[in-house]
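Colleague: I'm new to this one and don't know where to begin. Could you pick a single spot, take a close look at it, and then carry on from there?

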Amino acid sequence: MEAVEEKKLNRRETYKARLKPYDYFTQEFDSLDFENLGEGDRYYLQDFGIFNTEFLEDEFTIRIRVAGGRINTQDFIELAKIVKEYDLTIVLTARCGIQLHDVYADDIFEIWKKINAVEGFTTWQSFGDNVRNIVTDVYDGMLEDSHIECYPFIKQMQDYIVKNPKYVGMLPRRVSIGISGNETNRTSFFANDIYFALAQKDGEYGFNVYMGGKNTETAQDVDIFLHVNEVFDFYKAFLETFYNHGSRYSRSKTRLFYFIQEHGIDKLKELLQKYFAKEFESAGELQLKKGGFKEFRELKDGTFAYCYQTDFSKLDGDEIEKIANFAKENNLEIRFGMDQNIYLFGLKEPVSPFPSKANSSTVVACAGNLCPYAVWSIKGETKYLPLDLIQEYSIYVGFSGCAKGCGRHRHTDIGLIGLKTNNFGDIDGGCRIFLGAQHSYGQSVGEELFSMVPFPHLNEVVTLIINLYLQYDFADFEEYAKEILSNYSNRFWALWHLANFERKTTIALPKQERKLTLEEEKQLLFDTFEGFELVEDDFFKTISKKVKELWTIGDVDAHYKPPIQRTNFR
């Protein structure tokens, strides 16, 4: 019975088998009634950058590809005009693209046409089963350690697939690609399906290949070195491999990660080799250093870059106009970063042209309640975070509105997922917290610390996490994760933080030479926290009991919003 189910195409693939997305566009798009869409329409429209759900049938999102995050000033000005004319909400994505929200059915077609008429924009293949916006380091080609400029590869790869009838919407699942020719990177690329990482072999710079990453997993080294002139050919070989051999059955297992999990790296390389003209070379030496945030950075030509920090990815039309006009008047280049901020290149002096909207340099947040899958606004809930500490100590935070993980919460120092619950009294919800990721070098993703912290306690809990880290003199939080957290179980972390929270202490986790056993962890708790007891000698049961005791709210959360008016039907 299971074998029969495995051979059944998933629902989206059944639509593709009947009518290819490109044919759908040529035959039906111009005559669509956007107020009366069917399930198939909604699937197809994603391939052209339009997103809609049946439970919000009158509201749409448009996603715009911005190759490599580079946007010219005139295009930015045109975008501002569209945003203001239709009173849209705009956010920058963690893939250096743009999302337009609050688009309504009677305007969608007109807005879509205006955006695609702008020279540097396309909405094609920005959603759906496509190669998504390809990302690179925001300082691509601009620094002393920028050994290979990657924007030409990104343009070549994008031009190859966009509006290509064979590939529009026809991959088994989405593909995310990152490439960087900089030694120093300010964000992790290991959450991508493919990461072309700067490497050196026999004195030549090229790329090592990592594959199989996603928002909740890290890409693996596949032991391949590519010369600069081989990147595009490898990309085409991958597309053919995934197009022909990727699973089109259970939708939950169609990402590249699951292909590798089922068939292994060696099988993937064997299939790739059939479409790649040369024998693969073994990997070179990875050239990767972790970089931190700087508001201003000197460039190799002697000018400066300025990072304008957005309101956790949100922008408005006036803001866009101000930035675009300043860039145009001063002959500056504009780029979007994977941190959802805007960078201006070419300043003569490191002087701020205008203040940033927020201190968002190390916080990546998903679209929040602008997306129908998120249960929290995310942008608003950042007020529960100790943003001053996060900024001061350059702690990377990923905030997702649901388990899909668009805030990359498992690839940051402290990861958060917004949740709803009534387990802690008359409050609307809180966050799941993740710690321990060694994300810069793709060594591990974060593990769950707490399954739920109600928002009224979130600031205090995250402050405690940071203060325990500050008991050591590590270079950054990631080093703390490697040297301290990695030698304990995540449930032990939870109990240690709860014991400190309960006693209003900040007793540091002791440094260990190896990973402790369960019995050793228990003894350490008893020796450190006098009177500490376990429920039935079980970590999980003790955590469940203690969080209820410590975090149940007697009254409503007065700091967020009015309580929900509930009606009881009996």
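Modeller: Sure, let's start with glutamine 340, which sits in the loop between strand E16 (333-336) and strand E17 (342-347). Keep in mind throughout that this is a predicted model. The backbone is what makes this spot worth a look: glutamine 340 isn't a glycine, yet its phi is positive, at about 70°. As a rule, most residues other than glycine have a negative phi. As for cover, glutamine 340 has a relative accessibility of 3%, so it counts as buried, the cut-off being under 20%.

Now hop over to aspartate 223, where the backbone also catches the eye. Its phi is positive too, about 60°, and aspartate 223 isn't a glycine either. Here the setting is a strand, namely E10 (residues 220-226). Aspartate 223 has a relative accessible area of 38%, so it is partly exposed, falling between the 20% and 50% limits.

From here, let's turn to the helices. Helix H8 covers residues 231-245, which makes 15 residues, and it spans 21 Å from first C-alpha to last, close to the 21 Å expected at 1.5 Å a residue. H8 is mostly covered, with 11 of its 15 residues buried. Among those buried residues are Phe232, Phe234, Phe238 and Phe242, and Glu240 and Thr241 are on the list as well.

Helix H13 (residues 455-469) also has 15 residues, and it reaches 22 Å from end to end by C-alpha, close to the expected 21 Å. In H13, 11 of the 15 residues are buried, so the rest of the structure largely encloses this helix. The buried ones include Phe455, His457, Leu458, Val461, Val462, Leu464 and Tyr469.

Part of H13's surroundings is helix H15 (residues 490-503): the two axes come within 11 Å and cross at roughly 110°. An angle between 65 and 115 degrees counts as roughly perpendicular, so that is the word for H13 and H15. Their crossing is right-handed. On the H13 side, the meeting residues are His457, Glu460, Val461, Leu464, Ile465 and Leu468, and across from them in H15 are Trp496, His497, Asn500 and Phe501. Sort the residues of that contact by class and you get six nonpolar, three polar and one charged. If you look along the H13 list, it helps to remember that an α-helix has 3.6 residues a turn, so residues three or four places apart point the same way.

Stay in this area and find tyrosine 480, which lies in helix H14. At 1% relative accessibility, tyrosine 480 is under the 20% limit and therefore counts as buried. Leaving out residues up to four places away in sequence, tyrosine 480 touches Leu468, Tyr469, Tyr472, Phe474, Leu485 and Leu509. Lysine 511 is 31 residues away from tyrosine 480 along the chain, with 9.8 Å between their C-alpha atoms.

Helix H14 runs over residues 477-483, and glutamate 483 belongs to it. Glutamate 483 is partly exposed, with a relative accessible area of 26%. Its contacts, again without residues up to four places away in sequence, are Phe474, Lys511 and Gln512. Tyrosine 396 is 87 residues from glutamate 483 along the chain, and their C-alpha atoms are 17 Å apart.

Two more helix pairs round off the walk. Helix H5 (residues 73-85) packs with helix H11 (residues 317-329) at about 160°, their axes lying 9 Å apart. That angle is over 145 degrees, so H5 and H11 are roughly antiparallel. The crossing of H5 and H11 is left-handed. Residues making the contact include Phe76, Ile77, Ala80 and Val83 of H5 and Ile320, Ile323, Ala324 and Ala327 of H11. By class, the contact has nine nonpolar, four polar and four charged residues.

The other pair is helix H2 (residues 11-18) and helix H4 (residues 39-46), whose axes come within 10 Å and cross at roughly 85°. H2 and H4 are therefore roughly perpendicular. Arg11, Arg12, Tyr15 and Lys16 of H2 meet Glu39, Gly40, Tyr43, Tyr44 and Gln46 of H4. That contact divides into three nonpolar, two polar and four charged residues.

Note on methods:
Residues numbered from 1 in each chain as written. Predicted model: local features only at pLDDT ≥ 70, side-chain atom pairs only at ≥ 80, totals over all residues. Heavy atoms only, no water. Axes fitted to C-alpha atoms, helices over the stretch in contact; angles between N-to-C directions. Helix = DSSP H or I, 4+ residues; strand = E, 2+ residues; numbered from the N terminus. Parallel < 35°, antiparallel > 145°, perpendicular 65-115°, else oblique. Left-handed = near helix turned anticlockwise from the far one by under 90°. Contact = heavy atoms within 4.5 Å. Nonpolar A, V, L, I, M, F, W, Y, C, P; charged D, E, K, R; others polar. Buried < 20%, exposed > 50% of the residue type's maximum accessible area, 1.4 Å probe, protein only. Expected span 1.5 Å × (residues − 1).
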